[in-house]
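Let's take a look at a protein chain and the metal it holds. Have the sequence and the 3D view ready as you read.

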Amino acid sequence: MSKGYSERLAKLIKQLSKLPGIGPKSAERIVLHMMKQEAHEVEELSKALVDAKTNTFFCEECGNLSENKLCHICADTTRDHSLICVVEQPKDVIAIEKTSGFNGIYHVLLGALSPIDGIGPRELRIEKLIKRVSGGKVEEIILATNPNAEGEATALYITEILKTKTIKITRIARGVPIGSNIEYVDQATLQRAMEARTAM
Ligand SMILES: [Zn+2]
């Protein structure tokens with residue numbers, strides 16, 4: 001795809017096409033667009049990229065994106081720290097926070113079990129979840145992984161691994177369409193699914 005371009009442009013196209021959702025064709029289109037942009041516009045983009053990357057971390061406790069060691073949710077003492085909602089990605093935290101109906105804290109796995117993609121329990125933040133639960137302050141874990149094959153497998157795995165702990169383990173209700181993603185579910189449905197959660 002990048003044949004015929006200078007080495008510089010070919011390198012840039014190659015780098016961009018490594019990003020999720022961007023194939024070689026899109027990468028080529030983006031690069032050509034950038035070359036037509038004013039130099040300061042491209043500089044702003046590059047600065048914003050480096051600035052975000054330099055100042056954003058994964059919260060030490062829950063794995064959510066944060067500009068501090070602890071994210072604002074984990075650091076909030078008015079929230080219920082005995083209730084942990086387990087999600088796959090930081091974007092799921094944003095979706096649930098938008099419902100304003102949840103006052104517990106989160107645990108972000110940063111993925112879901114998917115053997116064909118080489119994602120096993122070790123690739124997820126499951127060890128850290130076990131540690132948090134073993135701390136003794138957690139009373140309930142709500143499994144809010146996506147209602148698709150990977151999300152269900154992950155929920156079952158976590159239930160199995162935590163079954164010896166004296167905590168309540170619940171799964172968000174079926175109001176969330178099977179096969180869908182948490183982030184695309186409307187706020188009212190998501191809030192109902194959280195409220196109508198059932199025991200695993
Ligand atoms: Zn956190």
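Here is a short tour of the metal site and its surroundings.

## The zinc site

Keep in mind that this is a predicted model. Which atoms hold the zinc ion? The job of coordinating it goes to the SG atoms of Cys-59, Cys-62, Cys-71 and Cys-74, at 2.3 Å. The site is tetrahedral, and the angles among its 4 donor atoms run from 105 to 116°. For comparison, the ideal angle for four tetrahedral donors is 109.5 degrees.

## Along the chain

If you follow the sequence, the zinc donors show the spacing C-x2-C-x8-C-x2-C. Cys-59 sits in the loop between strand S1 (57–58) and strand S2 (65–66), while Cys-74 sits in the loop between S2 and strand S3 (83–87), so this pair ties together parts that are 15 residues apart in sequence.

Are these two cysteines buried or exposed? Cys-59 has a relative accessible area of 2%, so it counts as buried. Cys-74 is buried as well, with a value of 9%.

## The stretch from 59 to 74

UniProt, in an unreviewed entry, puts the feature "zinc finger region: C4-type" at residues 59–74. In the model, that stretch is 0% helix and 12% strand. Its end C-alpha atoms are 8 Å apart.

## The domains

Now zoom out to the whole chain. The domain assignment gives domain 1 (7–55) and domain 2 (78–199). How far apart are the C-alpha centres of domain 1 and domain 2? They lie 34 Å from each other.

Key: Residues numbered from 1 in each chain as written. Predicted model: local features only at pLDDT ≥ 70, side-chain atom pairs only at ≥ 80, totals over all residues. Heavy atoms only, no water. Donors = N, O, S within 2.8 Å, 3.2 Å for Na, K, Ca; no water. Tetrahedral: all angles 85-135°; square planar, octahedral: opposite > 155°, others 65-115°. Helix = DSSP H or I, 4+ residues; strand = E, 2+ residues; numbered from the N terminus. Buried < 20%, exposed > 50% of the residue type's maximum accessible area, 1.4 Å probe, protein only. Domains from an automatic or database assignment. UniProt positions renumbered as here; feature names shortened; annotations may be inferred.
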